[in-house]
Amino acid sequence: NHLKGYCKEYKLTLGFQDITLDLYPSFSAYLIKNQGLSNNTVGKYFKTLKSFLNEAADRGLNNTFDYKKKKFKVLTEDVDKVYLNTQELEMIYKHDFSSKPYLDKVRDLFIIGCYTGLRFSDFSEIKPENIVDGNKIKIRTIKTNELVFVPLHPKVKAILKKYKNNLPAPISNQKTNDYLKEIMKMVGIDTMVETSVTKGGVLTKSSTEKYNLISTHTARRSFATNAFLNGIPSISIMKITGHKTEKSFLTYIRVTAEQNADKLLNHPFFN
């Protein structure tokens, strides 16, 4: 649709042979300036475009390969993503939601995500047959089709026992995110967080309560960050999260310079 809009705006007709380095800056500017999109959204569209061009090349329909050059880059921006530390997770885990059973179920599923590192599509579908020897989860992930084994944290064991290994039926990701914000607000996860994003070519900063930034994906990020801060080797965490390189993993976790220094204080080199 954006390519169609771009063609209409500049009275163009595009074929595969026209997706060149000359197109890149013009189409990028159209998405950023004309459409007011964020850098990451623009990057997502170029990533999708490259997928289609690769498929077209595989089918012998595309013989123009400028899109594989470095200058035809996918924009990415490290936006401010939050995680929940172990103290906050303890508050959420211990909060009494018995008066609102629907929140109680969402909280339980979310806590499982925070201590397994699985995606929502996976941790919301855990079945009794996924429990191995009473101390591991064995599951083939939906997104990547990888077989992963996750050791069971005591909190996950307790939740599974609560439901006799038959977790409550999941609701939609969108509705779960709405309920999570309600849960976090009730628990008191309300510190102010400054966020920034480049949209329409302009860096915009704003502040909001932390509960507004929590989603199902926060569980996975919280698992990775807390595991790393607790000294679990990156390679072991990556076996669960599915990150292929340590570089991509380290950009995913939320560790401040001070937290990293505190972690190193326990290393034999500094003792």
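A residue counts as exposed when its relative accessible area is over 50%, as buried when that area is under 20%, and as partly exposed in between. The exercises below apply this to a predicted model.

**Exercise 1.** Work out which of the three classes, buried, partly exposed or exposed, fits aspartate 133 and which fits lysine 136, the two partners of a salt bridge.

*Solution.* Begin with the pair itself: the side chains of aspartate 133 and lysine 136 meet in a salt bridge, at 3.7 Å from N to O. Next, take aspartate 133, whose relative accessible area is 66%, so that this residue is exposed. Then take lysine 136, which has a relative accessibility of 26% and therefore counts as partly exposed.

**Exercise 2.** Describe how the salt bridge of arginine 107 with aspartate 104 is placed, in the helix and with respect to burial.

*Solution.* The side chains of arginine 107 and aspartate 104 come together with 2.5 Å between N and O. Because the two residues lie three places apart in helix H5, about one helical turn separates them. As for burial, both arginine 107 and aspartate 104 are buried. Finally, look beyond the pair: Asp104 and Arg107 belong to a network of salt bridges that also links Asp108 and Lys162. The structure as a whole holds 13 salt bridges.

**Exercise 3.** Find the order of the strands in the open sheet, and decide which of them lie at its edges.

*Solution.* The open sheet has three strands in the order S1-S2-S3, and their pairing is antiparallel. Strand S1 (131-132) and strand S3 (147-151) each pair on one side only, which makes them the edge strands. Looking more closely at S1, one finds that its antiparallel pairing with strand S2 (residues 136-140) runs over two bridges. Here isoleucine 131 stands opposite isoleucine 137 in S2.

**Exercise 4.** Identify the residues that touch the most other members of the largest nonpolar core, and follow the contacts of isoleucine 126.

*Solution.* The largest nonpolar core has 48 residues, among which Leu84, Ile92, Phe110, Ile126, Leu167, Ile183 and Met184 touch the most other members. Helix H5 (residues 101-116) gives the most to this core, contributing eight residues. Turning to isoleucine 126, and leaving aside residues up to four places away in sequence, its contacts are Ile112, Leu118, Ile131, Ile137, Ile139 and Leu167. Among these contacts are Ile131 and Ile137, the residues that stand opposite each other in the sheet.

Conventions:
Residues are numbered from 1 along each chain as its sequence is written. This is a predicted model: local features need pLDDT of at least 70, side-chain atom pairs count only at pLDDT 80 or more; totals for chains, interfaces and linings use all residues. Side-chain values use heavy atoms; hydrogens and water are left out. Two strands pair if DSSP finds at least two bridges between them. Helices (H or I, at least four residues) and strands (E, at least two) are DSSP runs, numbered from the N terminus. A nonpolar core is a set of buried Ala, Val, Leu, Ile, Met, Phe, Trp, Tyr and Cys residues joined through side-chain atoms within 4.5 Å. Buried means under 20% relative accessible area, exposed over 50%, partly exposed in between (1.4 Å probe, protein chains only). Contact means heavy atoms within 4.5 Å. A salt bridge is a side-chain nitrogen of Lys or Arg within 4 Å of a carboxyl oxygen of Asp or Glu.
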